[in-house]
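Subject: Structure handover

Hello,

Here is the structure you asked for. Please look through the sequence and the model first, then read the notes below.

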Amino acid sequence: MKQLVPTDEALIARIRRHDNDALEQLVSRYEVRVYNLAYRMLGNREDAEDVLQDTFVNVVRGLDKFRGRSSFSTWLYRVAANAALTKIRKRSRREKSESEFLDDVYSVRETAHSGSLLTDWSSNPATRLLDEEAKNEMNRAIDDLPEIYRAVFVLRDVEGLPAAEVAEVLGLSVAAVKSRLHRARLYLRNRLSGYFTAE
Amino acid sequence: MDCQEIFEELSEYIDENLARQKCRELERHLETCHNCRVVVDTLRRTVALYHSMPDEEVPEDVRLRLHKIIRLKPEE
Ligand SMILES: [Zn+2]
């Protein structure tokens, strides 16, 4: 028999009547997504835990203001992304400046132009591409993206949201999302190329 | 299209958002340009690798604490 799964909206209506079971269900439905978004954006578990809590505390508190103009998950992602960005900004660590970042992004174009042949690592064995050390390098590389590029990349390519929804979550135009995504991808490709082609 | 122009379109290309005409031009370029081809293949692979990263599980104690913190008070 088919089990009827309540929609987010149905759960929200019950939460507004202080139904804790509905709240449990809604939180269980999204906690892994929020935690992973935070973990990828912040690079460590402790900060991800804080963001997870802040997000759902803010969601419960702000539920009265949620009018359903966007879907609940879009709104939730927005609250979560903002909590993560707030956390990033509180760190004292210096971020790469925009111009340093763009120099890195476009360095491959110079190399390609210089006439030297680029190395193709895309068909390296999966065992090498997916081992623990490679994963650490992938996480470090995300961590070196300037914050807005990081938010765009994690939402679009790690979480798999469509570009239009990423735009809605971050309050950017779709064109801005696409251009930031492209640069973030180029930067990460460079980083992984350096890592996978090093002897 | 030259390498410079191609370079800016690569994300739209791998996301399959390019108009058919532009897509054909780009692919014609790729047939003859080693470096652009390497950038496309490794860019696609980069995106796929990140997309396939397994989810981190929420630690059980963190989950329990979260559910406790947000419990609603019964309606007055
Ligand atoms: Zn080329």
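Helices (DSSP runs of H or I, at least four residues) and strands (DSSP runs of E, at least two residues) are numbered from the N terminus. With that in hand, E16(B) can be placed in the loop between α1 (3-14) and α2 (20-32) of chain B.

This is a predicted model, in which local features need pLDDT of at least 70 and side-chain atom pairs count only at pLDDT 80 or more, while totals for chains, interfaces and linings use all residues. Residues are numbered from 1 along each chain as its sequence is written, chains are lettered from A and ligands numbered from 1 in the order in which they are written, and side-chain values use heavy atoms, with hydrogens and water left out.

Chain A as a whole

Chain A has 10 helices and zero strands. Read from the N terminus, its elements run α-α-α-α-α-α-α-α-α-α. Along the principal axes, the C-alpha atoms of chain A fill a box of roughly 65 × 40 × 30 Å.

Of the 199 residues in chain A, 47% are buried. The scale behind that word is relative accessible area: buried is under 20%, exposed is over 50%, and partly exposed is in between (1.4 Å probe, protein chains only). Chain A exposes about 9,800 Å², and carbon and sulfur atoms supply 49% of this area. The areas come from the Shrake-Rupley method with a 1.4 Å probe; for residues, only the protein chains shown count as cover.

A contact means heavy atoms within 4.5 Å. Among the contacts in chain A with a separation of 6 or more, 66% are between residues 24 or more positions apart.

Chain A carries 32 positive and 31 negative side chains, and the centres of the two sets lie 5 Å apart. Lys and Arg count as positive and Asp and Glu as negative, without His and the chain ends. Each charge is placed at NZ of Lys, CZ of Arg, CG of Asp or CD of Glu.

The zinc ion

Which protein atoms are the donors of the zinc ion? They are SG of C3(B), NE2 of H29(B), SG of C33(B) and SG of C36(B), at 2.0 to 2.4 Å from the ion. A donor is an N, O or S atom within 2.8 Å of the metal (3.2 Å for Na, K and Ca); water is not among the atoms, so sites may look incomplete. Along the chain, the donors follow the spacing C-x25-H-x3-C-x2-C.

Why is the arrangement tetrahedral? The four donor atoms subtend angles of 106 to 113 degrees around the zinc ion, and four donors count as tetrahedral if all angles lie between 85 and 135 degrees. For four tetrahedral donors, the ideal angle at a metal is 109.5 degrees. Two of the donor residues can be placed on the accessibility scale: C33(B) is buried at 12%, and C36(B) is buried at 6%.

Individual residues

E31(A) is in helix α2 (residues 20-42) of chain A. It is buried, because its relative accessible area is 3%. Not counting residues up to four places away in sequence, E31(A) touches L52(A) and F56(A), and also V58(B), R63(B), L66(B) and H67(B).

D143(A) belongs to helix α7 of chain A and is buried at 18% relative accessibility. Leaving aside neighbours within four places in sequence, D143(A) is in contact with residues including R91(A), R93(A) and R150(A).

H18(A) is not a glycine, yet has a positive phi of about 60 degrees. H18(A) sits in the loop between α1 (8-16) and α2 of chain A and is partly exposed at 32%. E16(B), the loop residue placed at the start, also is not a glycine and has a positive phi of about 60 degrees. At 71% relative accessibility, E16(B) is exposed.

S71(A) lies in the loop between α3 (45-62) and α4 (72-90) of chain A. S71(A) and D8(A) are 63 residues apart along the chain, and their C-alpha atoms are separated by 8.8 Å. G194(A), in helix α10 (residues 174-197) of chain A, is 75 residues from T119(A) in sequence and 9.9 Å from it in space, C-alpha to C-alpha.

Regards

Key:
Four donors count as tetrahedral if all angles lie between 85 and 135 degrees; four count as square planar and six as octahedral if opposite donors are over 155 degrees apart and all others between 65 and 115; anything else is irregular.
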